[in-house]
Protein chains: 2
Amino acid sequence: MTSGPLFTQAIIARKRDGHALSEEEIRGFVRGATDGSWADYQLSALLMAVWLRGMTPQETAVLTDAIVRSGSAADLSRVPRYKVDKHSTGGVGDKVSIPLAPMAAACGLAVPMISGRALGHTGGTLDKLESIPGFRTALPLREFEEQVARIGVALIGQTAELAPADRKLYALRDATATVECIPLICGSIMGKKLSEGIDGLVLDVKFGRGAFMREKARARELALALSAIGTASGKSVRALLTAMEEPLGRTVGNALEVAESVDCLKGRGPADVMEVTYALGQQMLLMGGIARTAPEARAQLEQSVSSGAALAKFAEIVAAQDGDPRVADDPGFLPRAPIRLPLVSESAGFVRGVDAMGVALAALRLGAGRTRAEDRIDPAVGVSALVKVGETVARGGTLCMIHAADRTRAEEARTILKATIELGPERLAPAPLIAEVIGA
Amino acid sequence: MTSGPLFTQAIIARKRDGHALSEEEIRGFVRGATDGSWADYQLSALLMAVWLRGMTPQETAVLTDAIVRSGSAADLSRVPRYKVDKHSTGGVGDKVSIPLAPMAAACGLAVPMISGRALGHTGGTLDKLESIPGFRTALPLREFEEQVARIGVALIGQTAELAPADRKLYALRDATATVECIPLICGSIMGKKLSEGIDGLVLDVKFGRGAFMREKARARELALALSAIGTASGKSVRALLTAMEEPLGRTVGNALEVAESVDCLKGRGPADVMEVTYALGQQMLLMGGIARTAPEARAQLEQSVSSGAALAKFAEIVAAQDGDPRVADDPGFLPRAPIRLPLVSESAGFVRGVDAMGVALAALRLGAGRTRAEDRIDPAVGVSALVKVGETVARGGTLCMIHAADRTRAEEARTILKATIELGPERLAPAPLIAEVIGA
């Protein structure tokens, strides 16, 4: 009566009935996900029970720890610098990791960054980086450790060694409508991040139309839960709550966002991308003791840009990961779409709204994203020169540029984008981008 | 965005969020279970969401209909008799189907009966019948139809043709702690039963320590839900709520229960088995118009026993399904366990309680049941001559006989049974066995 399968069912039943699971039960579940001793249908039944019944902070902490221990953590003990990563909960046009990591490394931090791929409406840092010809994101753990030790920063994807339980559970969650669940999100994000060998973590928790969490209160709840897990594991965690109503920046699409990131590293990126990048960088520098005050941190970040050190660090990363470093100088080395069409405004006015979800949908139709994990991405396509809320548009002016593989898709995207960009007779003050800083 | 997998996730998410599913969504789910277009982990996630969120009566009716339509129903249109089956929600020592089916057939009803197997603490009619040497329960649908037409009764297992969606879903529910859920139970039971080509159905819904539902109120809820589904499909349904605190009868174990069933067909079975058998049979005869009043129905059933017609019908079934019909005369033709030990009472007194779960556990240890679907059953082992609540026991008297394959298991069973049979200084009046009749 205490054989494997019955024990599995008893664990599922206990969560189903609303009980908190014991440490042994949670570790049994995560072990089952890792070694296959739980069937996928048993894992997904428990995931749904967790979605509906929740987990206590203590259960969530055990879940995270079990996910970390499901694999081998990165060993960065020989890196003397303060090691800090950044995680964003995902948005549209969010390319902040790409300028931020080299800036922070140029300022003296070590940045061991493990990123994700595009899925659904959100983009993925890995896909953006892979639009750089030759760029490898699939570095083995040893090479990752070595690169962080050597140049202070590496930007890679989840390896087979790191948190394998999360890879299994995330794929199941995606297929079973159990993604948006704070304890499961915490276990997934922090399970990966705590495997990186970091000292500190900054979080960009997004809310709004283009974010996973629409409401700020729910984003704050997630930020607090993530911070609690990090703190319980002895890591410093700070979180920004940032608005995701319109896309971040003026580009959505992989190579287009790399080009915009290079603009940021040259100090001429869009104001909103610069603002979020600097705000996250400030917290990283403060956590790492590189700066003592926020203005001091800001000055150091700006200095890394104006001196060219951040751009040089970016080129160094690209070269180290076998990409073409010439993209740091000339976006012409990035892939370009054959069709480039402007979306022309049929009236004059002020931009009232650019629905991030609408832009994401247009980018998906163009082939810039994925609706399934196995979808292939076209690195060249997307949207650029997007107007921002509060800007004025003349009749006949350009609302954005559409970059497409063919004319049919370009027209489909144009139809979507037309409905997505809203003009009005009066200038609206855009809502503040950074709503709150938690843990500073 | 409306491709297969996303649609699946949207259905799961809607139930997760507590919405009633549309007919199209429920049929999509059942089709997905039947044709494999839903992954097992998606089916189980939805099953857990249904367990926690429930289903409306209308959703349950659609689920049941979709399960019926997942296969081909039996065609008994050429059988002129009233066709009625009986279903029990399962208990310990519940062998009622074995005497009831031939009695009802001997009285002029057609009984197309599809039964289940032992699982967990409950026995299964199929396993009991298969203890008869040669008895085949895996009849193809055509042979089942032909036998019902020819001799008025057949006792078989679920075929590949009938309700295949239920087979899939039941196996998943068993592995994911989603069995005890009224809409899912309704879909499973009625999906199978409505596939049999019946006109009416009697239900034995058990409550108490040895039943799936401990509380009578919950058993009544299930009985009403099952009746509603049957009625909505144009079938007559009547339900008995019966107590399952001590085992039914004096035997638990497959061949031992067949021998006791033969005793019932000879009119000398234990009082409680006779009472439940007659009570269910009465409802069947009344539904089929074979009798106009309960006493008339009872008299006809008793007559089928005293005349030997019911026993002869049993022998006819056994012969038709390739079993050895001599078991109807002599239990010596059934398999016998090598070890037979009495459990001797260490004190004198009145039997206060015989915990059905304790007896079931002892029978499981002896090898009479299954803890997993793939476990092999020993047909010979079990418990017989079990005392009943309210009986007197002398010091040194026999509380039961243990039938075992070896001495080690016999001793293990003895230890469990000792703790299971409780004596006291005063005679307790046993609770009524039949608590309620619904739908009569």
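**View 1. The largest nonpolar core and its best-connected members.** In this predicted model, the largest nonpolar core holds 85 residues; such a core is a set of buried Ala, Val, Leu, Ile, Met, Phe, Trp, Tyr and Cys residues joined through side-chain atoms within 4.5 Å. Buried means under 20% relative accessible area (1.4 Å probe, protein chains only). The members that touch the most others are A:Leu109, A:Val111, A:Ile132, A:Met284, A:Phe314, A:Ile402 and A:Leu417. Helix α12 of chain A (residues 271-287) supplies the largest share, 10 residues; helices are DSSP runs of H or I, at least four residues, and strands are runs of E, at least two, numbered from the N terminus. Apart from this core lies another, of 83 residues, including B:Val276 and B:Leu417.

**View 2. The surroundings of B:Asp94.** B:Asp94 lies in the loop between β1 (84-88) and α5 (97-106) of chain B. This residue is buried yet has no salt bridge, a term for a side-chain nitrogen of Lys or Arg within 4 Å of a carboxyl oxygen of Asp or Glu. The nearest side chain of opposite charge, B:Lys206, is 4.0 Å away. Among the residues in contact with B:Asp94 (heavy atoms within 4.5 Å) are B:Lys128, B:Asp204 and B:Leu248.

**View 3. The rotation axis relating the chains.** Chain A superposes on chain B by a rotation of 179 degrees with 0.0 Å of shift along its axis (RMSD 0.0 Å). The two copies are therefore related as by a two-fold rotation axis. Of the residues of chain A, A:Tyr41 comes closest to the axis, at 1.9 Å (C-alpha). Copies are superposed by least squares on the C-alpha atoms of residues with pLDDT of at least 70 in both.

Residues are numbered from 1 along each chain as its sequence is written, and chains are lettered from A in the order in which they are written. Local features need pLDDT of at least 70, side-chain atom pairs count only at pLDDT 80 or more, totals for chains, interfaces and linings use all residues, and side-chain values use heavy atoms, with hydrogens and water left out.

Conventions. Buried < 20%, exposed > 50% of the residue type's maximum accessible area, 1.4 Å probe, protein only. Lys, Arg positive; Asp, Glu negative; His and termini not counted. Lists of a residue's contacts leave out its neighbours within four places in sequence.
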